[in-house]
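Got a few minutes to look around this protein before heading back to the bench? Here is a quick tour of its ligand site, its empty spaces and a few backbone oddities.

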Amino acid sequence: MKKNYLLTPGPTPLPPQVLESMARPIIHHRTPQFQAILKEASVGLKTVFQTSNDVFIISSSGTGAMEAAVMNLLSCGDTALVVQGGKFGERWTEISKAYGINCEIIDVEWGKAVDPEEISKRLKANPKIKAVFTTLCETSTGVDNDIEKIAGITRDSHAVLVVDAISGLGAIDLKTDAWGVDVVVSGSQKGLMLPPGLGFISLSPKAWKLAEASKSPRYYLDLRKARKALEKNDTPFTSSITLIIALNEALKMMREDGLENIFARHRKMADAVRAAMKALGLELFSPTAASDAVTAVKVPAGIDGEKLVKTMRDTYGVTIAGGQAELKGKVFRIAHMGFIAEFDIITGLSCLEKVLSTMGYKFTLGSGIKAAEEVFLK
Ligand SMILES: *Cc1c(COP(=O)(O)O)cnc(C)c1O
């Protein structure tokens, strides 16, 4: 018998309430019954996004919402400033280039957060920049960027700030309106405790000015259509009915928990994992800007990183993530977001210790778990 534990930064495990809700018979989307569900979801999303702006639900993975941001805000020939520093920062560049946008790139060393001053400098040097694309949690490197500071810079500039909060939302604080973030993009399968399949996007009035002026070709992801439909509690195309019903269950859980408690829980799990790595003699990939949503850890010398992840998953049923792109085989990543809790972390660490031990890595067995338990006991 093998039990499975999912500790990856998307998809994340699903709560029983969410699973149950998806087994209900389907209803039609152009009905008062579904409109009530969509309305409840819209209100709940505003709370989680910490905004009074509309949050649009798109039937796509998170990247669809990223693409919606690019095409709705900018036109071919426009200039954007992109913060790279991981696979997902690079995605902003790739999407922008596909739409003929000129990208000014801040190439942050992987494992580091962007220096907000650099954004300030670039904006001053090039008044043509219409949008700044950045990432709340760079999932590939386990880094959190200081969005509050960045928003303090863009707020007083002509450019809009667009934040990829696909893995950060519902895990790390993001005060959209209070900080002055213009556009927030997210997805369902990370902090929001849902299966993949929904993208989300919110736009400030400053961002809407760009959306109304954009000349990019757009149809399915045209947010003007989405806004018109949402005024009537509707979506422009067939809603992802089942996923939106599940979304309401997840939002209900989040409402009962309260955002502050949710963020504190993520912080504690992150602290526990970080303490465990230190106790095991392992190095964080990002010691200076480690995320509270996912921890990236350097694979120690002499250990095959890909084999470590594979053995944990295929032999013991504990799935963590390996490294992506240039970090393949060099890091492993333990997620602590969404419906992942204290004892999932303990189980994951226990499996990590077991496999590291069988692979010949030298450490005191149980020391990682002990360090994590001490954090949880505080
Ligand atoms: C997962 C993730 C994405 C990609 O989302 P998809 O749902 O796979 O399209 C983009 N950005 C970040 C930061 C992510 O964590």
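The notes below start at the ligand and then move on to pockets, cavities and the backbone.

Keep in mind that this is a predicted model. The ligand has a shell of 14 residues around it, and the protein covers 89% of the 380 Å² of accessible area that the ligand has on its own. Elsewhere there is a pocket of about 260 Å³, the largest one, and it lies between domain 1 and domain 2 because both give residues to its lining.

**Around the ligand**

- Of the 14 residues surrounding the ligand, the closest are Ser-61, Thr-63, Thr-139, Asp-164 and Lys-190.
- Lys-190 also makes a polar contact: an N or O atom in its side chain sits 2.7 Å from an oxygen atom of the ligand.
- For Gln-189, an N or O atom of the side chain is 2.8 Å from a ligand oxygen atom.
- Gly-62 uses its backbone instead, with an N or O atom there lying 2.8 Å from an oxygen atom of the ligand.
- Which helices each supply at least two residues of this shell? They are α3 (62-73) and α4 (87-98), and α3 gives the most, with 3 residues.
- Sorted by class, the shell has 7 polar, 4 nonpolar and 3 charged residues.

**The largest pocket**

- This pocket holds about 260 Å³ of space, and 15 residues line it.
- Closest to its centre are Asp-144, Ile-172, Asp-173, Arg-267 and Asp-292.
- Why does the pocket count as lying between domains? Domain 1 (5-10 + 258-377) and domain 2 (16-257) both contribute to the lining, so the pocket lies between the two.
- α6 (147-154) and α11 (259-279) each supply at least two lining residues, and the largest share, 3 residues, comes from α11.
- The lining has 7 charged and 7 nonpolar residues, plus 1 polar residue.

**The second largest pocket**

- Its volume is about 160 Å³.
- The residues lining this pocket are Asn-4, Tyr-5, Leu-6, Leu-7, Pro-13, Leu-14, Thr-319, Phe-339 and Asp-344.
- By class, that lining divides into 6 nonpolar, 2 polar and 1 charged.

**Cavities**

- How many cavities of 30 Å³ or more are there? The count comes to 3.
- The largest cavity has about 150 Å³ of space, and 15 residues line it, with Ile-57, Ile-58, Ser-59, Pro-236 and Phe-237 closest to its centre.
- β2 (55-59) and α9 (223-231) each supply at least two residues of that lining, with β2 giving the most, 3 residues.
- The lining of the largest cavity has 9 nonpolar, 5 polar and 1 charged residues.

**Backbone spots to check**

- The peptide bond from Gly-10 to Pro-11 is cis, and its omega is near -5°. Pro-11 belongs to the loop between β1 (5-6) and α1 (16-21).
- Gln-50 is not a glycine, yet its phi is positive, near 50°. You'll find Gln-50 in the loop between α2 (32-49) and β2.
- Asn-233 is another residue other than glycine with a positive phi, this one near 55°. Asn-233 is in the loop between α9 and α10 (241-257).

Definitions and conventions: Residues numbered from 1 in each chain as written. Predicted model: local features only at pLDDT ≥ 70, side-chain atom pairs only at ≥ 80, totals over all residues. Heavy atoms only, no water. 1 Å grid on protein atoms, 1.4 Å probe; cavity = no way out; pocket = protein on both sides within 12 Å on 5 of 7 lines; lining within 4 Å. Points joined across faces, edges and corners; volume = space filled by probe spheres on them. Helix = DSSP H or I, 4+ residues; strand = E, 2+ residues; numbered from the N terminus. Nonpolar A, V, L, I, M, F, W, Y, C, P; charged D, E, K, R; others polar. Domains from an automatic or database assignment. Near = heavy atom within 4 Å. Polar contact = N/O pair within 3.5 Å; in protein donor to acceptor, adjacent residues only side chain to side chain. Areas by Shrake-Rupley, 256 points an atom, 1.4 Å probe, with all protein chains shown as cover.
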